[in-house]
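Trainee: I've got a model open and I'd like to learn how to read its salt bridges and its sheet. Could you walk me through it?

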Amino acid sequence: MKEPFKANILFISTNEIWSGSELLWYESAKYLASQGHAVSAAVNYDHLKISELKHSLHFFIDLRYRHSKLSRIRRLANRVVTVFKTNDVLAGYFKNIQPALVVISQGSSIASPDMIELCSRFQAKFVTLTQLVSEVHWLWLNDDLQQRLKKGYEKSLKNFFVSRRNMELHEFMLAYSCGNNEVVSNPLVVSANGTSYPSGVNYSIAFVGRIECFHKGLDMLLRVLNTSKWKNRPVAFNLYGDGPHVSILAQQIALFEINNIHLKGYTTDVATVWQQNQLMILPSRMEGQSLALIEALSFNRAAIVTDVGGASEIVEDNVTGFIAHDATEGGLDEAMERAWEQREKWENMGIAAGKKIRALRPDQSVHFFSERIMEILQECETS
């Protein structure tokens, strides 16, 4: 009987912190390791999830340190590579282990030209997984970087994006489309069973995500809420998360004397969030495909969103939520006003939102992405 196909796969995350952008590669790495593949990972940060993952890995490469160690070695015991640059760490890995495929997970489409070029230098087959493409990246994109990125993405076996809109913007910004781009979904990793809709005459709207003003548009939200109509309505805005702008927002909320905004801090108890809130708001200036939005919809909650990234791919305006058609204060206020006028419909809209997101099956996205990786590898084996 033919032996099952097993592969040596390296996942590289070029992000600097653990965030929702890490979940798809992380869960896929765990899944492929559980299937008997020799999975390695290289990351720039430490986190409890990474510590848990190490027990499943063939190699773990810590890219933060000048002197780095390859650990969790199953077949090549006690191999230590001492290096002086990130590229040298991976160069040692490529020389000694020769991965069959490298998966480069990146927070943005312009984040990893060096990593892509390193794969090309060692003739390593690779794919990319990009969580965000934004018009903001025009600020850094010049002719030299555009050519580097275009050349690198053309060499990739496949470039994965978490929304169609991100993929199309990527192709426009690099002025290319060579047929190796594909959309995958970010995962749903929480169970939405048994969460009832909050009742009562007062309303609660939740933001869930990183407390970072420019990316998540929380400064716009605060200015919209600093109006008499929102201050006087029977509605609370609960902000769940952590990030660099918690203190700034707290100070500005106090300065504006807004009593119905509450900074709730970070929580992993997603079910309780949606037991206490009837609607989600995501006022972002840029997104790939928000995991927090996917979670909210799966808990049968409608959402107010800006029309960025893949939001309009999973939210239908005035049916499963309310879309601000531009990421401005005016656009956000208009969508919020429509939502308020239809507040008696939020529960039924949320039920429709849950049905729609479940039909897209984000709970299967880790399995789907992992299977795509294996299909690409097997195509390489037979070509």
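Mentor: Sure. A salt bridge here is a side-chain nitrogen of Lys or Arg within 4 Å of a carboxyl oxygen of Asp or Glu. The idea behind it is that side chains of opposite charge can pair when their charged atoms come close. Keep in mind that this is a predicted model.

Trainee: How many salt bridges does a search of the whole structure find?

Mentor: It finds 17. Take Asp 219 and Arg 285 as one example: their closest N and O atoms are 2.8 Å apart. Asp 219 sits in helix H8 (residues 218–225), while Arg 285 is in the loop between strand S12 (279–282) and helix H12 (291–298), so the pair ties together parts 66 residues apart in sequence.

Trainee: Is Asp 219 buried or exposed?

Mentor: Buried counts as under 20% relative accessible area, and Asp 219 has 18%, so it counts as buried. Its partner Arg 285 is partly exposed at 22%.

Trainee: Which residue forms a salt bridge with Arg 223?

Mentor: That's Glu 329, with 2.5 Å between the closest N and O atoms. Glu 329 belongs to helix H14 (residues 329–341) and Arg 223 to H8, so this pair links parts that are 106 residues apart in sequence. Glu 329 is partly exposed, with a relative accessible area of 32%, and Arg 223 is partly exposed as well, at 38%.

Trainee: And where do Arg 372 and Glu 375 lie?

Mentor: Both are in helix H16 (residues 365–382), 3 residues apart, which is about one turn of the helix. Their side chains meet in a salt bridge at 2.7 Å, N to O. Arg 372 counts as buried at 12% relative accessibility, whereas Glu 375 is partly exposed at 36%. Salt bridges with shared partners join these two with Lys 158 and Glu 182 into one network.

Trainee: Now the sheet. What is the order of its strands?

Mentor: Read across the open sheet of 6 strands and you get S11-S10-S9-S12-S13-S14, with parallel pairing. Strand S11 (261–265) and strand S14 (321–324) are the edges, each pairing on one side only. From one strand to the next, the twist averages 20°. For a close look, try strand S10 (residues 235–240), which pairs with S11 in the parallel sense over 4 bridges; Phe 237 stands opposite Ile 261 in S11.

Trainee: Which strands does H14 lie across?

Mentor: H14 lies across strand S9 (203–208), S10, S12, strand S13 (302–306) and S14, and runs at about 160° to S14. That's the helix that holds Glu 329, the partner of Arg 223 in H8.

Note on methods
Residues are numbered from 1 along each chain as its sequence is written. This is a predicted model: local features need pLDDT of at least 70, side-chain atom pairs count only at pLDDT 80 or more; totals for chains, interfaces and linings use all residues. Side-chain values use heavy atoms; hydrogens and water are left out. Helices (H or I, at least four residues) and strands (E, at least two) are DSSP runs, numbered from the N terminus. Buried means under 20% relative accessible area, exposed over 50%, partly exposed in between (1.4 Å probe, protein chains only). Two strands pair if DSSP finds at least two bridges between them. Axes are lines fitted to C-alpha atoms, for helices over the stretch in contact, and angles run from 0 to 180 degrees between N-to-C directions. Contact means heavy atoms within 4.5 Å.
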